[in-house]
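Hi everyone, thanks for making the time. I'd like to walk you through one structure today, and I'll spend most of it on charged side chains and who pairs with whom.

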Amino acid sequence: FPFADESKGIFEVAAKVSDGTVHYGDNWPRITGIEGDFLFRGKRLEFNARKANIGNTQLGKVRAQIPDLVHSSQTLQISGEAEGETADFLEFIAKSPVNEMIDRFTAGMRAQGSGKLGLKLTLPLQDIDKSKVGGSYQFINNQLVREQGFPPLEQVNGRLEFTESTVRVPNATAVFLGGPVSITAGSQRDAAINIQFQGRINADAVRRAGGVEWMRHMRGTTDWGGTLTMRQKQVNFVLDSSLQGLAVNLPAPFKKTANEVLPLRIERRFIGPKLERVAVAAGSIASTVLYLRGTETQGSAVERGVVRFGEGKGKGAVPEPQRPGVVVNGEIHSLDLDEWLALLGGGSGMAGAGVSSVDLRVGEVEFFDRRFASVTVKAVQQGETLQANVQGRDIDGVINWRAQGKGRLTARLLRLALPDKDVPAPVVQQQPATAIYPELPTLDVVVEEFSLADRLLGKLELQATPDQRDWRIERLKLTTAESVLNIDGIWQAWLTQPRTQANVRLEVSDIGKFLARFGYAEGVRRGTAKVEGNLSWAGSPQRIDYPTLSGNFVVDAAKGQFVKLEPGIGKLLGILSLQSLPRRISLDFRDIFSDGLAFAEIVGAVKVANGVASTDNLRIIGPAARISMSGQADLARETQALRVKVTPQLSDSVAVAGALLGGPVAGVAAFIAQKLLKDPLNQFASYDYRITGTWLDPVVEKIGRPQPETETESIQ
């Protein structure tokens with residue numbers, strides 16, 4: 001007994017099993033819900049299940065047997081097939097010793113879709129640790145995500161073969177980043193698993209599908225290849241591509257056309273339990289080596305690194321970073337900071353150690369919608385402050401940056417020249433409502449010599465504090481020898497849809513010199529002025545957008561004289577000086593305007609709505625004439641629709657003449673009569689005009705002489 005040799009006897013027990021369970025080893029998931037046949041025959045035990053379950057996976061054709069129950073080396077052999085959701089098979093691997101046997105190859109992997117499993121287990125019951133595993137899994141149109149942050153593999157088809165010590169993928173296909181990719185994999189002697197990729201990226205397909213945010217800046221297709229190595233839960237990889245065929249619409253210096261070749265290589269290698277080395281090289285444009293240390297709460301943080309632009313002096317490999325912080329150096333031909341700030345408005349999602357030093361030369365920088373040339377930045381980290389010396393054709397001074405809190409930028413510049421606007425405004429990407437915007441820093445800027453479009457505007461003082469996505473301008477002051485401009489207000493949503501709201505107060509001690517500073521040397525002689533009000537427009541403070549300009553302001557000027565202007569020079573000044581009147585119409589008082597209108601006072605309130613300025617009664621009072629003006633002027637289109645009443649100052653001259661000819665009594669009588677009758681002589685000589693057309697070529701139309709007023713009034 002038990003009659004291993006059946007010629008000497010037969011021992012057999014057969015049974016039908018319903019809802020059976022097999023526990024075949026500790027740490028192995030049980031086989032449950034067995035429906036099948038159970039058999040003892042001689043020294044052999046076996047059962048054949050028509051159906052059974054492991055977890056949520058239904059098994060079929062399951063066969064388990066112990067070929068020899070007599071000897072001590074009893075071995076349980078199990079084989080079976082299953083078809084179901086890939087996620088359930090991954091769960092089986094994760095909860096069984098197979099997970100360690102294949103070096104956690106599937107750990108962290110997430111899947112959608114189904115497949116077929118064939119599994120064979122050989123389990124020594126007296127020494128379960130020496131179990132043998134053989135199996136394969138057939139992926140059928142699956143989606144796999146290997147690691148958080150990695151784009152998914154889609155439409156995966158292929159077979160994964162594994163034993164207790166090896167993993168192999170002979171040939172699988174998938175779709176990755178919009179294009180086809182072939183995959184082969186195999187385990188190595190050191191237990192690492194090596195995976196080879198070869199494929200083609202299709203940026204257009206990815207963009208249409210709405211996946212992978214950063215690929216919305218690319219067009220076209222390109223080939224790529226890579227190697228991924230898994231060892232002890234760590235994933236190292238190398239990716240290579242020429243990027244030929246792919247148009248990259250990232251800001252300078254990384255913008256490229258589809259025909260251009262830009263060799264790209266990305267490497268990640270773990271050099272410690274939580275320390276990884278990442279190296280990226282983009283042709284001769286930029287190279288970087290970063291050491292990232294994993295944290296429990298914030299993912300990976302930059303511990304130290306080197307970023308080099310250009311090929312560098314030695315044109316060799318980027319040196320390994322030795323000290324904490326990131327070292328930035330090299331040369332950049334062109335850098336578009338406006339577009340980079342707009343692009344990175346959602347935040348990078350990675351904490352960093354910060355920049356420790358900078359030695360960078362930039363041929364051309366686009367910033368705040370302006371182009372700066374030949375900029376050199378040298379900076380070092382001093383305690384909690386990054387101190388930078390910035391020099392260039394348009395800038396010279398010291399800029400300090402403190403990253404604590406929301407950050408604070410302090411600048412003390414000897415000069416800052418904002419070039420004339422010669423680049424188009426950046427195309428701002430619309431950010432979703434849930435986007436995380438970077439926190440704005442506090443600004444404290446002083447510029448001794450501030451220039452805009454080659455015009456020296458004096459000393460600039462700026463203080464601004466962040467208010468969520470806006471900057472609150474607490475003080476913006478421009479001081480020259482002849483003027484002081486004070487502004488406070490809000491610079492809204494400066495990275496997405498910027499808008500400026502400003503309270504403005506301008507005090508001018510010499511209008512002539514003030515206008516000469518802006519290129520109108522022959523505009524006005526002498527004069528003082530005050531302009532005060534509130535204005536708003538779409539865009540940034542350094543450039544007024546006239547089509548969206550709105551607000552109210554009051555003008556109060558005194559003791560100056562308009563100087564005769566050439567046609568088209570001065571534009572808006574030409575309206576106030578009214579020199580177009582004698583050019584278009586023959587007047588008896590031509591000499592009042594032809595050589596320049598002197599004024600004792602200019603007073604009026606102006607309302608601006610969407611770039612159109614209007615006034616009900618702008619008064620210009622001078623020794624030669626009194627002028628009242630109403631109507632509107634389009635500041636964007638430089639057109640006008642004005643009504644002007646011009647009254648020469650004749651009455652007082654007549655009174656003086658009467659005193660000389662008829663004696664003091666006659667002169668006084670004439671003066672009193674003029675006032676009682678509301679200056680009838682002036683009213684008879686005054687005229688109304690309609691001024692339309694453009695500022696460059698105004699159309700002047702005489703619309704008649706106003707009726708004199710006869711009602712008497714008290715002498716004022």
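So, the overall picture. The chain has eleven helices and 38 strands. Please keep in mind as we go that this is a predicted model.

A couple of whole-chain numbers for you. The chain has 716 residues, and 43% of them are buried. If you take the contacts with a separation of 6 or more, 47% come from residues 24 or more positions apart. As for the surface, about 37,700 Å² is exposed, and carbon and sulfur atoms supply 53% of that.

Now to the charges. How many salt bridges does the count come to? The answer is 33 salt bridges. I've picked out three pairs and one network.

Let's begin with two neighbours in the numbering. Arg304 and Glu303 form a salt bridge, with their closest N and O atoms 2.7 Å apart. Is Arg304 buried or exposed? Arg304 counts as buried, because its relative accessibility is 19% and the cut-off for buried is under 20%. Its partner falls on the other side of that cut-off: Glu303 has 24% relative accessibility and therefore counts as partly exposed.

The second pair is Arg402 with Glu384, whose side chains meet in a salt bridge at 3.0 Å, N to O. Arg402 sits in strand β24, residues 395–402, while Glu384 is in the loop between β22 and β23, so this salt bridge ties together parts that are 18 residues apart in sequence. What about accessibility here? Arg402 is partly exposed at 36%, and Glu384 is partly exposed too, with a relative accessible area of 43%.

The third pair links two strands. The side chains of Asp688 and Arg643 meet in a salt bridge, again 3.0 Å from N to O. Asp688 belongs to strand β37, residues 687–693, and Arg643 to strand β36, residues 639–648, so the pair ties together parts 45 residues apart in sequence. Asp688 is buried, with a relative accessible area of 10%, whereas Arg643 is partly exposed at 43%.

And finally, the network I promised. Glu6, Glu12 and Arg41 are joined into one network by salt bridges that share partners.

To recap the three pairs: Arg304 with Glu303, Arg402 with Glu384 across a strand and a loop, and Asp688 with Arg643 across strands β37 and β36. Thanks for listening, and I'm happy to take questions.

Technical notes: Residues numbered from 1 in each chain as written. Predicted model: local features only at pLDDT ≥ 70, side-chain atom pairs only at ≥ 80, totals over all residues. Heavy atoms only, no water. Salt bridge = Lys/Arg side-chain N within 4 Å of Asp/Glu carboxyl O. Buried < 20%, exposed > 50% of the residue type's maximum accessible area, 1.4 Å probe, protein only. Helix = DSSP H or I, 4+ residues; strand = E, 2+ residues; numbered from the N terminus. Contact = heavy atoms within 4.5 Å. Areas by Shrake-Rupley, 256 points an atom, 1.4 Å probe, with all protein chains shown as cover.
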